[in-house]
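I opened this model to look up one helix, some aromatic rings, two kinds of side-chain contact and the disulfides. These are my notes, in the order in which I went through them.

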Amino acid sequence: MMSHHMTLRLVVCLMAAMSFGAIAGSVAQAAPLKIEITDGVIEPLPFAVPAFVAENSAAGEMAQKIARVVAEDLAGTGLFREISKDAFISTLTSFGSPVQYADWKAVNAQALIGGAVSIGAGGKLTVKFRVYDVFASQELGKGLQFSGTEAGWRRMAHKVADAVYSRITGEGGYFDSRVVYVSENGPKNNRKKRLAIMDYDGANLQYLTDSRSLVLAPRFSPTGDRVLYTSYETGFPRIYVLDVASVGRKILQTQEGTMSFAPRFSPDGRTVVYSISAGGNTDIYRMDVKTGRAKRLTSAPSIETAPSFSPDGSQIVFESDRSGAQQLYIMGASGSDPTRISFGQGRYGTPVWSPRGDLIAFTKQSKGRFHIGVMRVDGSEERLLTASFLDEGPTWSPNGRVIMFMRETQGASGASSLYSVDISGRNLKRVRTNGGASDPSWSPLQN
Amino acid sequence: MVNTGYYISGVGHAGLIGLLLFGGMPVSDPDPIEVSDVSIISSEEFAMLIATSVPPVTDSVEPQGLQQPEIVEDAPDVSEVADTPPPVVEPDVTESEPPDDAPVAPEITPPAPDVTIEIEPVIAPPSDPVTPVIPTVPTAVRPQVRPAPRVAPVPVAPPEPDVAVDDVVRETAVPDAVATEQTPEDQATAPQEAATRIVPEDEQAQQTTSAAPTRSARPRSRPSRPNRPNPSTAQTNNNAAAIAAAVAAQASSAPSGPPLTNAEENGLRRAVSECWVVDVGGRSANVSVTLGFSLDRAGKIIGGTLRLIRSEGASGAAADTAFNAARRAVLRCQKGGYKLPVDKYDHWREIEMTFNPEKMRIK
Amino acid sequence: MVAFTKLAALSSVIFKSETNMLTYTQEKQSSGASNMKFLRGAVLLIAAVTLSACASPDRFDNDNTTSLGGAGISDGSASDPTSPLYFQQAVGDRVLFSVDQSTLDSTAQAVLDGQAVWLAANSDYNAIIEGHADEQGTREYNLALGARRADAAREYLLSKGVAAARLKVVSYGKERPIEICSQESCYALNRRSVTILSTGLSS
């Protein structure tokens, strides 16, 4: 196509350019090119979990089960996507061998998780793992090893997944945690309710009460060993505290002839805030756990309920209809300076302070629908994450990243179940429970 | 209606008297005990409950149900004696109605792992020079933002129903006159569907009903669309690319050439953007990081030059995470080398790239 | 079975001192069993004497049917003006409320007037007033709203001369609907306060 003349000219130019470039490069280095990237992608990060190495023959099945739980934990966040083993070019045959990064780049794995499992004398289970950043061709942090009993294998898998999650996201994990909730069965007009506890992923279900008495809204203590809840055992709603390990329970002594409900622990576990209804008026109280002394925090003729402490314990967010409709307010932990924070259209209830401290999750009713939403603690930047006939009662994951809540379906056959959603509004999914479920409360990370 | 209630009540009472008088229920019945096992306690007693573990007051009626199974200790188990695994109730998801028996006290909390040891890293082999080919994503025009599993700068239409999601776009092989066996490679694939922003559920649900609370879309500005590089360029070798670049820049006689045009800069910007995965819900989304690196003439990052210049917005794990994500972006999307005009090499051999997630961030 | 549970619950109130002893007993198995026997005898005794007094603390025991005939006063029939059934049917045991409201309209006041008269004439009976809400609201708020409604009814009865000691209130919020559809026709009937008679033994 090109004439000889043009070709010649091109070559000359090219040579000139190259020689000049070399001179410029050695004499006067050009300033770096500055580029700003403001658009990225939001998508699950692909990761690969090759089969965990069974370091002795007894560990074969356990290695598979643990690797599966780790992969399910990670993929379940919506932040990660597992790459099918069918796509793998190579695998990790031993825990200590070098990684062929090229093989993992080729299948577009951005993170690689290698693990090994052994079962020693006495059933001692040992799990090791490493995380690799494939494209940086380096290990992300150091490998870790956990030991425990075989019975605790799921918790060990969750701990591995928590560590991997932490390495990649820079946040604490939430897999080694539990959820206490109200298990529901039966039709709407004769619903049986009882307390149940399970791992965050639905495994290891146990019932904490029978279903003879109506029970509502269990709430974990800051250490996860006790649960506050409301029961109609006496015929009236009263607050109970239940010891998770022994299932022993005691009633919280509140004024005779009143109804008490909506309890929550303070972050240090020393105080309980709750509502008392007396004479048709509902107000918020706090009780010092040691002395049993109660202090009334609100005294308006309106409804004040659903209190929740800030993570530092200095403030309480609650709902009140003092303005004429349910709205959210924040006051000092002793009841000082109640300040309204929600101003949007609709009604706001069940506020829960995020463990990170920066957000408040709530239930919003607007135009005949229910939403789970979050706002900053000053009420700004409200975002609704869900919408349905009836969504209610948010609870935060231990790392403040995920919200679990109850969703009830419409109509005579309506039933409730638990859902979770990432605070970005993505990854809405149903949580596995045995039968109907409501009023979830997420525990802190177990230690 | 009401008479029915009376009838039921009457039958119930008669049955009750019968039960009480004539021996009552089988051994397992005395439910009344359980109703009576909670009492009002004083504050001291409440404090005691908080401070100490109280024996269970709720007992299963079955005698064997009262037996506490062995608790597996949380302490490091150095013993050679086999542990008795505690009974763990696995939820049976196929069962529609859970057993409604009294609560079980045993082993509510599975044992925790007890030992945590750090493991030294393996010495990694030199990184393999092979890099996977990551496709440029075709543009799709979509009138309304719809939810998609992926949010990207450029929307991607959902794949045809029978097309697998893949990172590489492959056309289905056109069968020759002579039929050949179709290999998996031949299956058509498409990049994963992408929206340009997160579409929350309420918006999804309300797009038809318009009963949703109002929520404004996050404003998006997009760099002016650059000239797309000719796809065939990617297939040619570096010399040919250099010549082509020189041809494009032939008007210039200055060896280092003029600065990059907006279009050229945008090409680089967009190439990296496609690989920058932002965790918008994470704290790392508060961090702006600036990386420095050197490119060779082929547009590939020279080993060992990639470094963090600065980060703003947070420190610690969030900053590390932001750096890692930015590093993955530039390494993953360099493919065979960023496509930049060779005659302007001195303008792009050193790059400072800032990753600012402010616009992406959920608030 | 139904009544058995109720009586059991009743006995638990009566034998509070016994149950306290139970609660703080360290030996779970043996003492629990012996106390069970003791309690069963006690239940038998009480049952024989006051069979009719079966107003359970929790009228909506989870294991119960939703029978409204909980107040099983003997000889009760709708034609006997002193019977709870007459109270329930002829006088009217419930009043309804508007959405998110606890004010009593004239219809509600008329029903409560009748209740006050009946209670004045039948002083053996006490009452627990239940407050209920429809499902359009959050759980805690609806509990508080139900308490408002029950208290509105109670205050009205007090104003008509019913002694305060005879009236208790309890709120069930949205937990115990009687109608289960998700439409206003059902919601209207669920926003209610219901006056449940008791004989005073369950106080």
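The entries below go from a helix to the rings, then to the charges and the disulfides.

**Ground rules.** I am working with a predicted model, in which local features need pLDDT of at least 70 and side-chain atom pairs count only at pLDDT 80 or more, while totals for chains, interfaces and linings use all residues. Residues are numbered from 1 along each chain as its sequence is written, chains are lettered from A and ligands numbered from 1 in the order in which they are written, and side-chain values use heavy atoms, with hydrogens and water left out.

**Helix 2 of chain A.** I took helices (H or I, at least four residues) and strands (E, at least two) as DSSP runs, numbered from the N terminus. Helix 2 of chain A covers residues 60-76, and for its 17 residues I expected a span of 24 Å at 1.5 Å a residue, which agrees with the 24 Å between its end C-alpha atoms; the expected span is 1.5 Å times one less than the number of residues. I then listed its buried residues, among them Met62(A), Ile66(A), Val70(A), Asp73(A) and Leu74(A), where buried means under 20% relative accessible area, exposed over 50% and partly exposed in between, with a 1.4 Å probe and protein chains only. Just after this helix, I found Gly78(A) with a positive phi of about 80 degrees.

**Aromatic pairs.** I counted rings of Phe, Tyr and Trp (its six-membered ring) as paired if their centres lie within 6.5 Å, with planes under 30 degrees apart called stacked, over 60 edge-to-face and the rest tilted. My search of the whole structure gave 22 aromatic pairs over all chains. For Tyr174(A) and Tyr200(A), the centres are 5.8 Å apart and the planes stand at 90 degrees, so I noted the pair as edge-to-face. Tyr174(A) lies in the loop between helix 4 and strand 9 of chain A, and Tyr200(A) in the loop between strand 10 and strand 11, so the pair ties together parts that are 26 residues apart in sequence. Tyr174(A) counts as buried at 4% relative accessibility, and Tyr200(A) counts as buried at 12%.

In chain B, I looked up Tyr345(B) and Trp348(B), an edge-to-face pair at 4.8 Å centre to centre, with 80 degrees between the planes. These two are 3 residues apart in helix 9 of chain B and are therefore separated by about one helical turn. Trp348(B) is buried with a relative accessible area of 0%.

Back in chain A, I found one aromatic cluster that includes Phe47(A), Phe80(A), Tyr174(A), Tyr200(A) and Trp442(A).

**Charges over rings.** My criterion was NZ of Lys or CZ of Arg within 6 Å of the ring centre and within 35 degrees of the ring normal. Lys65(A) lies over the face of Trp153(A), at 4.6 Å from the ring centre, and the charged end of Arg194(A) sits over the ring of Tyr207(A), 3.5 Å from its centre.

**Disulfides.** Taking a disulfide as a pair of cysteine sulfur atoms within 2.5 Å, I found 2 over all chains. One joins Cys275(B) to Cys333(B), S to S 1.7 Å, and this link is right-handed, with 70 degrees about the S-S bond. Cys275(B) lies in the loop between helix 7 and strand 4 of chain B and Cys333(B) in the loop between helix 8 and helix 9, so the pair ties together parts that are 58 residues apart in sequence. In chain C, a disulfide joins Cys181(C) to Cys186(C), S to S 1.9 Å, and its link is right-handed with 120 degrees about the S-S bond.
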